[in-house]
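Q: Please give a close account of the nonpolar interior of this structure. I should also like to know how the helices pack.

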Amino acid sequence: MDRLLFGDNQFFGINHMSEEKARAQAMRFQSTDAIMAVLDAAYDAGIRTFMCTTHDRIAEIGNVVRANPGRYPDFIFYPCMPYAHKYANAVTDLGMMGAITNFMPEDGFLRTALSGGKALAGRDIEGIAKVLIDAEMKMFRGLNTPVIFMQNVFTDLLLGMGYTRALKVFHDHVKEKYGAEPAFITMNMPMLFEALTEEGIENPIICSNINKIGFRMSGGRDRYIETLKTGKLRAIAMSVYASGAIPPEEAIEWISELPNVQSIVFGASSRGNIVNTRDLVEKYMGLGTSQAAQ
């Protein structure tokens with residue numbers, strides 16, 4: 001993994017501290033061209049990895065990258081699935097089973113099976129999960145996707161329900177079908193790490209909030225640091241600035257002193273902020289070879 005990853009929250013009106021900023025960002029990035037302008041700034045600053053949801057708009061970004069291989073020869077996508085709002089809207093419009101079948105291939109065996117009247121408990125849950133993963137991955141066909149994430153809404157739902165077997169199903173399918181590294185986003189890294197360990201998943205990639213003031217770090221900052229000290233996971237830190245509550249240099253310097261944080265994912269809307277973060281990470285942590293300053 002590269003040291004610095006670029007996220008997509010700003011493109012879809014997500015800001016954890018300000019609804020007003022979130023609305024302004026959603027308005028600004030209504031067009032694919034507006035999103036690509038920021039991605040181009042990040043790419044030209046040497047940041048090659050785009051960690052993104054499976055929002056329908058991301059398919060448009062994929063089309064641009066596919067159509068311009070000379071411009072983006074080493075552009076990397078880290079898909080994060082499922083995009084919860086897409087499924088929630090489908091459930092509202094179509095019902096639970098209607099939503100599931102809606103995302104499956106028209107002529108697929110499971111879609112046919114689900115059209116029957118059997119109870120959900122009698123159906124092939126693992127098979128359904130694998131087909132839905134494949135449906136989400138269609139928009140990335142032909143693109144470089146070496147790491148594939150389960151989104152935190154789904155990860156933490158499964159964790160809370162105690163259905164950690166599903167985490168292993170995701171892990172194994174991503175490895176076997178796509179030859180990629182499975183990864184997980186969570187709001188409770190210590191609890192997830194324990195669950196993955198119990199499922200036999202070694203040295204997992206876990207992305208979670210990690211910041212100096214403990215902002216949105218469920219379970220407490222101290223438990224996160226204890227988990228990092230085990231050396232048995234590959235951690236990606238998000239919300240390192242705590243949505244602007246921590247000065248950038250102070251935030252990056254603190255993160256740099258933690259054990260086992262391999263990457264930072266951040267979002268930004270301007271070239272200046274992108275370059276500032278890149279330079280701070282280079283100063284305190286060093287950058288991967290794909291992110292040499294340009």
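A: **The nonpolar core and the packing of helices**

The protein chain contains 13 helices and eight strands. The model described here is a predicted one. Half of the chain lies in its interior by the usual count: of 294 residues, 50% are classed as buried. Among contacts in the chain with a separation of 6 or more, 74% join residues 24 or more positions apart.

The largest nonpolar core has 72 residues. Within this core, F6, F50, I210, I255 and I274 touch the most other members. Its greatest contributor is helix α2, residues 32–44, which supplies seven residues. Domain 1 (4–82 + 145–291) and domain 2 (83–142) both contribute residues, and the core therefore lies between the two. Another core, of 15 residues, lies apart from it and includes M51, A183, M187 and I236.

Helix α2 also packs against helix α3, residues 56–67. Their axes are 10 Å apart and meet at an angle of about 60°, and α2 passes α3 in a right-handed crossing. On the α2 side the contact is formed by T32, I35, M36 and L39, while α3 provides R57, E60, I61 and V64. By class, this contact has five nonpolar residues, one polar residue and two charged residues.

A second helix pair, α12 (residues 248–256) and α13 (residues 271–284), packs at an angle of about 35°, with the axes 9 Å apart. The crossing of α12 past α13 is likewise right-handed. Here α12 contributes P248, E249, I252, E253 and S256, and α13 contributes N276, L280, V281, K283 and Y284. The contact of α12 with α13 divides into five nonpolar, two polar and three charged residues. Two of the core residues named above, I255 and I274, fall within the ranges of α12 and α13 respectively.

One charged residue also deserves attention. K168 is part of helix α9, which spans residues 165–178. Its relative accessibility is 17%, so K168 counts as buried, the cut-off being under 20%. Beyond its neighbours within four places in sequence, K168 is in contact with E199 and I201.

In summary, α2 gives the most residues to the largest core and is also in contact with α3 through T32, I35, M36 and L39. The largest core itself lies between domain 1 and domain 2, because both give residues to it.

Notes: Residues are numbered from 1 along each chain as its sequence is written. This is a predicted model: local features need pLDDT of at least 70, side-chain atom pairs count only at pLDDT 80 or more; totals for chains, interfaces and linings use all residues. Side-chain values use heavy atoms; hydrogens and water are left out. Axes are lines fitted to C-alpha atoms, for helices over the stretch in contact, and angles run from 0 to 180 degrees between N-to-C directions. Helices (H or I, at least four residues) and strands (E, at least two) are DSSP runs, numbered from the N terminus. A crossing is left-handed if the near helix is turned anticlockwise from the far one by less than a right angle, and right-handed if clockwise. Contact means heavy atoms within 4.5 Å. Ala, Val, Leu, Ile, Met, Phe, Trp, Tyr, Cys and Pro count as nonpolar, Asp, Glu, Lys and Arg as charged, and the others, Gly among them, as polar. A nonpolar core is a set of buried Ala, Val, Leu, Ile, Met, Phe, Trp, Tyr and Cys residues joined through side-chain atoms within 4.5 Å. Buried means under 20% relative accessible area, exposed over 50%, partly exposed in between (1.4 Å probe, protein chains only). Domain bounds come from an automatic or database domain assignment.
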